[in-house]
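Biologist: I have a structure here and would love a close look at one part of it. Could you take me through a helix and its surroundings, and then add a little on the strands?

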Amino acid sequence: MKNTKITLAHGSGGKLTHELIKQLFLPNFNNVALSQLSDSALLQLNGMKLAFTTDSYVVKPLFFPGGDIGKLAVSGTINDLAVVGARPTFLSAGFIIEEGLEMSLLEKVVRSMKETATGAGVDIVTGDTKVVEKGSADNLYINTCGIGIVDDRANLSPSSITIGDKIIMSGTIGDHGLAVLSERESLGFNPLIQSDCAPLSSMICKLIASGANIKFMRDPTRGGLATTLNEIVNPQKYGIVIEEQSIPMNDSVRALCEILGYDPLYIANEGKVVIVASADDAVRIRDILREDDLGKDAEIIGEVVGDSHGKVCLKTVIGGTRIIDMLVGDQLPRIC
């Protein structure tokens, strides 16, 4: 590996994260389930298809508009299960707590986790607690693992994607990353940007139950929409073209990105899903999403094309086209 030390960019979800996974973790841990690099590992057990996933949360600050580290930890793991077609059932919760943390803050986080899990119909059934010396952590880190039962009607894989399929975004992009940044840096931006942090399992279960021809789903968290689309096309013999004017975005996110010089395509989301689906069912899927409050801003934003192999292209509002690469570096660390 080129780098001799870990940098923040290795945790961005972009190019360096993928290099770390493919050059270090995969060669050492490699097996059939891991090599799929899905949001959750898909496992067969006594004829039952299970999804299993884990994620760690180090967001700073612990509380931000629209959420907190507890809601984020539960929602993120539920979403990783939901986008592979699984109904989340059980979660674990591991806490790494820094000495000196106010008990009232920890109680507030735990109550938020309970409320989020209960609302999604999921039980937190096991966990772990470690306390480290003051200065060894940053208040609180949380790890969650989740297990879910995969719906037999879901057959999701990038290998199912064909030319002409449509790309659907379930709502506005960039809300979570900028909500955390605004709170961390006390930007005082008006109107206040709210994180989209939320569990999507109920909405996604309705989609799968509809019988619509969904080919693949992923939640565009670290690295944002641009990195997620690159993860889909990178090893494939097709490309993706998205239309800038069709991508849903709140005016406040657009304005803050322009002021700070950030590209909203790379900003993390924590309550959105990107769907690749048959062109014949795209409008129906969009309309089903719009029936749910979490998908009310859903739009068809692009399609799978036969040229531009392995590339994502953006048709801009002024009529140009530019290639959208995977995130390089780290625009916003510690946002999830």
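Modeller: Happy to; what follows starts with one helix and then turns to a strand residue and a hairpin. Please keep in mind that this is a predicted model.

Let's begin with helix α5, which covers residues 175–184. Of its 10 residues, 8 are buried, so the helix is largely enclosed by the rest of the structure. The buried ones are D175, H176, G177, L178, A179, V180, L181 and S182. What do they pack against? Their partners are β3 (63–64), α3 (69–82) and α8 (251–260). After α5 comes S186, a residue with a positive phi, near 50°.

Now for the strand residue. T89 sits in β5, a strand that spans residues 86–98. Its relative accessible area is 14%, and since buried means under 20%, T89 counts as buried. The side chain of T89 has a polar atom 2.8 Å from the backbone oxygen of I147. I147 also appears among the residues in contact with T89 once neighbours within four places in sequence are set aside; the others are V122, D123, G148 and I149.

Last, the hairpin. Strands β13 (residues 312–315) and β14 (residues 321–324) run antiparallel to each other and pair over 4 bridges. In one of these pairings, C313 has I323 in β14 as its bridge partner. Between the two strands of the hairpin lie 5 residues. In that turn you will find G319, with a positive phi of about 95°.

Technical notes:
Residues numbered from 1 in each chain as written. Predicted model: local features only at pLDDT ≥ 70, side-chain atom pairs only at ≥ 80, totals over all residues. Heavy atoms only, no water. Buried < 20%, exposed > 50% of the residue type's maximum accessible area, 1.4 Å probe, protein only. Polar contact = N/O pair within 3.5 Å; in protein donor to acceptor, adjacent residues only side chain to side chain. Contact = heavy atoms within 4.5 Å. Pairing = 2+ DSSP bridges.
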